[in-house]
Each structure stands twice: as structure tokens, then as C-alpha cells.
Amino acid sequence: MAVKISEKFVSGFVPASEIGKITPEIEAAHQKVLDKSGEGADFLGWRDLPVDYDRNEFERIIATAERIKKSCDVFVVIGIGGSYLGARAALEFIKSPSYNSLKKDTPDVYFTGNSISSSALADLLAICEGRDVCVNVVSKSGTTTEPAVAFRIFRDLLVEKYGKEEAAKRIFATTDKARGALKGLSDRMGYETFVIPDDIGGRYSVLTAVGLLPLAVAGIDVRAMMKGAETAREELLFNRDVATNACLRYAAYRNALYRDGKVTEILVSYEPAAQMFCEWWKQLYGESEGKDGRGLLPDSVIFSTDLHSLGQYIQEGLRNIFETVLKINRSSDTVVIPNDPENVDGLNFLAGRELSWVNDNAMTATLFAHNDGGVPNVVLEVEDRSEASFGYLVYFFELACAVSGYTLGVNPFNQPGVEAYKKNMFALLGKPGYEDMREKLEARMK
Ligand code: PA5
């Protein structure tokens, strides 16, 4: 298993000499990951996570998931950003975006606390009515407003429904091992807790309890997922050769393209099940690279759906974009186009063909069209949508992100910009300690 990079649709835009020129920088950035000498090196815990994780906690997660499966119909995961995107991406990629609607013997899994929409929350409360509910609140800091507010609401719901004692048995907190409001609350209330390691930031945390618990509840083979990440680590982390390491090569292409004015990278998939994976990827790259006035803008599309919306722009709009196509080589399902003896729609030339064959041809057609329109395309091929492939992809993109970030000259592990809105919001909401800021903002609103 591996992620294969295909360069046919990018090499016409980035000559080999450009990759040659950037190679020493990629090697130096990779070295910073290897010897932990770059900025933010305290947050490299994801690097060895596939082989160096708390095995006891891992087994406890699996055992807890088995209990949860038996005691609830709905498993509500409360978290925002890195505290939910990876889990949701994995659930939809490995199972299906329609997981909750499909027949299964595992609980429905819903994600909340990732917006401040009354309607979204009210919908979920309605979905929970008359059903057995368990809650997993995920927050490293324990103070993020969106999940904290949602958790307060779901805590009330569980206490009302089951009483204080039973409610506590249905709440699972994934947070810092020792610090923070959520850890304190959990200890006081007796919730079972799982740890987000100190050296792993939210957007790199999907292979920790953050992702593992909800995924195990959904019946996903988390051991196979970790194994996939372990294989990626073996194949990618220690191979310093930019010519043969697809991960380093991807980092080289995106940096070379960026320097050539291609400042927007669009992640493309032809599989709707990858939509949330694209959202996870956007957070990973956007939060890691967008700082100090630099960074590629990560965007994403699902084709052929979005060929009928953003397709026009990609074909003929501002030429500052490139695409990275995530090609899934084997479809999980087989759907064959039927024959129609009367051929009323003239589609009999497709009779007997698999839909995935049509999809593959749509991809090839689009690659040529977009290339002709001046859009470079890097193609990354993965075998399938299995747990192992997902784990591999996660590690591939995390490592490429770290190497890319260092090549760009930024710290890929902090997110100072996320604080700006939070402070303003605290001030406007009247949080104690933010009175001066509130006055200033109110003056600016006049
Ligand atoms: O990647 C990150 O660090 C962020 O996206 C966080 O995951 C997000 O802000 C949620 O933070 P927390 O887990 O502290 O509630």
C-alpha cells in the first residue's frame, strides 16, 4: 500500500530543473522534522504516534466503544476544528456520508459544537428525542466556546433524561491529560476521560483518542487504521530521496507552484465520501501554512458535482490555481449501467459499464481540459477507502504539511491567528476580563 504520485499533468508546468532547484530546501525541511530542530518541534508528537502511542489507553478506547455500542442509539461528538474534522472525515471516507441513514448495528454518530447555529443544535436535539444517547466532548483546551456551549446543553439533556449518576456514565471527555476546564469538570463529575497528548495539536490529532473513540463506536477497525499510518511512517518518514518519496515530491511540487504564482491549491476528489476528508485537509494546510503573510490557500471540490459550479472558474478564471487530485483507485461498490432495449436515452453505448469506469473517464477528461486551460494537476493515487488507506493518507498529508510549512518558512504547528476572533467574541459576549476590549469594539461599531 502506498500513495503514488503521478506527475503527467504537472510536469509540463514545473520543469524537472525547478524540482531540482527546490530539492535541497525540501531536504532541509525534512531534516527539521527528522531531528526536531524546526520551529514548533514540541508539536511533533504525530510523527511517531503510529508506533508510539499509549497501548493501554488504546485498548480502553476499544473496550469503551463496545460498551457505548450496547448502551446508545445516538453517539454525539462535540468538538470543533481539529477536535472533530478528522473523526468525521474518517467516518465518511471509510463508511459513508450516509452512515447514519444506512442499516447497521452500530449507533448513529452526530457531530455538534462545531458551529453556533441554534437550528443545527435544535435539529440534533430533535433527533435524540426518544433515543438513548451518549456524548463524547472533545476539546484540548477545554475552553473553546462552541463545544463548551453545546456540551452544557447536552449535559442538561442527559441529566434530565437519566439523572445525574447515569448521565455521568454516558459522558466521555477527550481532553488534556491534566489541565483545562474540561479535565477539571470531568474529574469532578466522574466522566471517563481520554487524552489528547501535549505534543499533538488539534489538526494532527485524528489518530489519537479524538478520532479513535468515535470511529471505534462506528465499528471502524481502528487497529487497521493505525497500521496504515505505521506503514506510511516506515515508507515516508525515513526516505530522504525527493525523487522517490511521494510525500516529499508532493511538498516540492506545491512549493514550486506557489513560487510560480499558483497560490491556491484545490484538493479534488471524484468521491463524495471524501468531502469531509477535504475539509480536514483544508484545516491542516490552512492553519499550518497561512501565517506571516504567506501560505497557499487550500480549497476543495468534489467532481463531477462541482464541475457544474466551480468548473467554469477552474477552466478559465484567474490563473493562480493548481489542483491536487486524490484518486481512489478502487470503488467500494459496484453499480452497473443497465441496457435499455429501446435505448430511449441513447445511452446504450454505456450499457454494462460500471459507474466507476465512467467516473474514471470523467477524471481523465477533466485532467486534460484543466491542463489545456493552464491549470497544473498533481495526482495522488490511493488504493481504496479502507481503514489502512485512510491511516496512510493522514500520515502522508501530515508529513507533507510539516515539510511544506518549513519550506515556506513558517511554523506549521501554531495557529496564532485563530485567537483574534475568539478574543473579540469573548469581549462582545461580556466574558469577565474582556471589559476594555468590549468598550473599544463597541466604539468601533458606532
Ligand atoms: O488545530 C487546532 O489546534 C484547532 O483547530 C483546534 O483543534 C480547535 O480550535 C479546537 O480547539 P480545542 O480542542 O482546544 O477545543
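## Domain arrangement and ligand site

The C-alpha centres of domain 1 and domain 2 lie 30 Å apart in this predicted model. According to the domain assignment, domain 1 is made of two segments, 4-37 and 225-408, while domain 2 covers 48-220. The two domains touch each other through 30 residues of domain 1 and 27 residues of domain 2.

The ligand occupies a space that is the largest pocket. Around the ligand there are 13 residues, of which Ser83, Ser139, Ser141, Thr144 and Gln283 come nearest. Sorted by class, this shell is made up of 9 polar residues, 3 charged residues and 1 nonpolar residue.

Polar contacts to oxygen atoms of the ligand are set out in the table below, with the part of the residue that takes part in each.

| Residue | Protein atom | Distance to a ligand oxygen atom |
|---|---|---|
| Gln283 | polar side-chain atom | 2.5 Å |
| Ser141 | N or O atom in the side chain | 2.7 Å |
| Arg203 | polar backbone atom | 2.9 Å |

Ser141 and Gln283, which are among the residues that come nearest to the ligand, thus appear here with their side chains, at 2.7 Å for Ser141 and at 2.5 Å for Gln283, whereas Arg203 takes part through a polar atom of its backbone, at 2.9 Å from an oxygen atom of the ligand. Taken alone, the ligand exposes 380 Å², and the protein buries 89% of that area.

Methods
Residues numbered from 1 in each chain as written. Predicted model: local features only at pLDDT ≥ 70, side-chain atom pairs only at ≥ 80, totals over all residues. Heavy atoms only, no water. Near = heavy atom within 4 Å. Polar contact = N/O pair within 3.5 Å; in protein donor to acceptor, adjacent residues only side chain to side chain. Areas by Shrake-Rupley, 256 points an atom, 1.4 Å probe, with all protein chains shown as cover. 1 Å grid on protein atoms, 1.4 Å probe; cavity = no way out; pocket = protein on both sides within 12 Å on 5 of 7 lines; lining within 4 Å. Sits in = over half its atoms within 2 Å of the grid points. Nonpolar A, V, L, I, M, F, W, Y, C, P; charged D, E, K, R; others polar. Domains from an automatic or database assignment. Contact = heavy atoms within 4.5 Å.
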